[in-house]
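User: I'm new to this structure and would like a close look at a single part of it. Could you walk me through it in plain words once it's on screen?

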Amino acid sequence: MKKRIESLPKIELHLHIEGTFEPELMFEIGKRNNIALPYSSIEELRKAYDFNNLQDFLDIYYAGCNVLQKEKDFYDLTYAYFEKAKENNVLHAEIFFDPQSHTDRGIAFEIVVNGITKAMDDAERNLGVSSKLILSFLRHLREAAAIDILKMAEPFRDKFIAIGLDSSELGNPPDKFRKVYEMAAAQNYKRVAHAGEEGPAEYIWDSLSMLKINRLDHGNRAMEDPRLLAELMHRKIGLTLCPLSNLKLKVVNDMKLHPIKKMLDFGIKVTVNSDDPAYFGGYMNDNFIAITEALDISVDDLYKLSRNAMEVCWATAEQKKIFKTKLDNWLLID
Ligand code: ADE
Ligand code: ZN
């Protein structure tokens with residue numbers, strides 16, 4: 001089954017580029033920018049990757065961002081992810097970045113966007129992995145700060161496919177960001193939001209009704225509300241689930257309790273994603289392997305999971321046709 005998973009053509013829809021920062025590269029960039037990390041070695045840093053909840057992780061994740069200063073740093077971070085994506089047979093990725101983690105440290109928006117998008121272009125040309133970029137707001141900050149970012153993004157509008165919402169979920173409900181989502185909708189941005197990772201099912205309802213999301217990031221806690229499950233199924237909302245992330249952040253205590261298989265059987269458009277792979281111990285293949293081992297995922301299930309991602313992604317119709325042909329061939333040939 002491992003070989004089957006490795007050769008499965010994949011689409012990644014929930015990936016924070018800052019969460020792909022491997023310790024080796026973090027130390028290398030820190031050194032060239034003369035910025036010390038609060039850890040003496042790569043091993044010590046890796047040891048710190050032991051989290052009890054989302055906030056534990058976020059504290060380390062934001063600290064890691066500090067060494068990113070120059071356009072080349074953002075380029076190197078992004079290109080390194082696409083090399084991993086290629087190794088994992090990812091055909092297309094829709095990735096998040098958190099502008100506020102950088103602009104709040106005095107790094108120009110333009111430096112961040114240019115570094116990331118140049119690497120995306122080169123990855124498509126050199127590695128054949130296509131991608132889109134999602135501008136994600138930090139929900140622990142004020143809505144006015146998110147609106148400032150949306151305005152900053154205006155001259156670069158064509159670089160972004162969607163807006164998103166991440167960071168500390170509890171206590172920062174969707175309602176807080178209603179206005180900025182309305183403004184983004186008026187500029188034709190697609191809309192996604194993290195909801196139901198740690199927050200209640202009610203945050204998922206509110207993301208649908210108040211933020212008018214097209215796709216839902218995580219959504220695990222929809223399991224607590226059968227009416228919500230039915231709504232997500234009927235509306236064909238894509239859910240970007242992140243199994244290894246959920247285990248590391250104790251959203252589930254055992255992979256055997258992960259809701260992905262139940263949701264899939266219920267007919268929800270669930271997908272598999274790696275979230276912050278450098279911190280959670282695995283890229284796409286590892287996420288697929290983890291659920292397959294714990295939940296008796298069949299070859300047909302693998303097909304459906306990848307097919308769902310192809311349906312709910314924002315690649316062109318032409319690209320989607322190519323992806324689906326590759327997936328159909330995988331089912332027949334492998
Ligand atoms: N930022 C990066 N990863 C995140 C996650 N899993 N939840 C919320 N915010 C995040
Ligand atoms: Zn996430």
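What covers the buried residues of helix H8?

Analyst: Happy to take you through it, bearing in mind that this is a predicted model. Start with H8 itself, which spans residues 143-153. Its buried residues are Glu143, Ala145, Ala146, Ile147, Ile149, Leu150 and Ala153. The cover over them includes three helices, H6 (100-103), H7 and H9 (178-186), along with two strands, S3 (130-138) and S4 (162-166).

For a view from the other side, pick out Leu135. Leaving aside its neighbours within four places in sequence, Leu135 is in contact with Ile149, Leu150 and Ala153, and those three are also on the list of buried residues in H8. Other contacts of Leu135 include Phe97, Pro99, Phe109, Phe160, Ala162, Ile163 and Gly164.

Leu135 also turns up in the bigger picture. The largest nonpolar core has 109 residues, and Leu135 is among the members that touch the most others, together with Ile95, Phe97, Phe160 and Tyr279. Helix H7 (residues 109-127) gives this core its largest share, 8 residues. There is a second, separate core as well, with 6 residues, including Phe96, Ile134, Ile161 and Trp314.

Since H7 is part of the cover over H8, let's see what else H7 packs with. Helix H5 (residues 71-87) lies against H7 at an angle of about 35°, and their axes are 7 Å apart. The crossing of H5 and H7 is right-handed. On the H5 side, the contact is made by Glu71, Phe74, Tyr75, Thr78, Tyr79, Phe82, Glu83 and Lys86. On the H7 side, the residues taking part include Ile111, Val112, Ile116, Ala119, Met120, Ala123 and Leu127. Sorted by class, this contact of H5 with H7 has 11 nonpolar, 4 polar and 5 charged residues. If you're wondering about the spacing along a helix, an α-helix has 3.6 residues a turn, so residues three or four places apart point the same way.

Another helix pair makes a handy companion to that one. Helix H10 (residues 201-209) and helix H11 (residues 226-234) also pack at an angle of about 35°, but here the axes are 10 Å apart. The crossing of H10 and H11 is left-handed. Here Ala201, Ile204, Trp205 and Leu208 from H10 meet Arg227, Leu228, Glu231 and Leu232 from H11. That contact has 6 nonpolar residues, no polar ones and 2 charged ones.

If you'd like another helix with buried residues, try H15 (residues 284-295). Its 12 residues reach 17 Å from first C-alpha to last, close to the 16 Å expected. Because 10 of those 12 residues are buried, H15 is largely enclosed by the rest of the structure. Phe288, Ile289 and Ile291 are among the buried ones, and so are Asn285, Asn287 and Thr292. Just past the end of H15, Asp296 has a positive phi of about 55°.

Finally, here are two residues with more solvent access. Lys321, in helix H17 (residues 317-333), is exposed, with a relative accessible area of 62%. Arg46, in helix H3 (residues 42-47), is partly exposed at 37%. Beyond its neighbours up to four places away in sequence, Arg46 touches Glu22, Pro23, Glu24 and Ala278. Arg46 and Glu22 are 24 residues apart in sequence, with their C-alpha atoms 9.3 Å apart.

Notes. Residues are numbered from 1 along each chain as its sequence is written. Chains are lettered from A and ligands numbered from 1 in the order in which they are written. This is a predicted model: local features need pLDDT of at least 70, side-chain atom pairs count only at pLDDT 80 or more; totals for chains, interfaces and linings use all residues. Side-chain values use heavy atoms; hydrogens and water are left out. A nonpolar core is a set of buried Ala, Val, Leu, Ile, Met, Phe, Trp, Tyr and Cys residues joined through side-chain atoms within 4.5 Å. Buried means under 20% relative accessible area, exposed over 50%, partly exposed in between (1.4 Å probe, protein chains only). Helices (H or I, at least four residues) and strands (E, at least two) are DSSP runs, numbered from the N terminus. Contact means heavy atoms within 4.5 Å. Axes are lines fitted to C-alpha atoms, for helices over the stretch in contact, and angles run from 0 to 180 degrees between N-to-C directions. A crossing is left-handed if the near helix is turned anticlockwise from the far one by less than a right angle, and right-handed if clockwise. Ala, Val, Leu, Ile, Met, Phe, Trp, Tyr, Cys and Pro count as nonpolar, Asp, Glu, Lys and Arg as charged, and the others, Gly among them, as polar. The expected span of a helix is 1.5 Å times one less than its number of residues.
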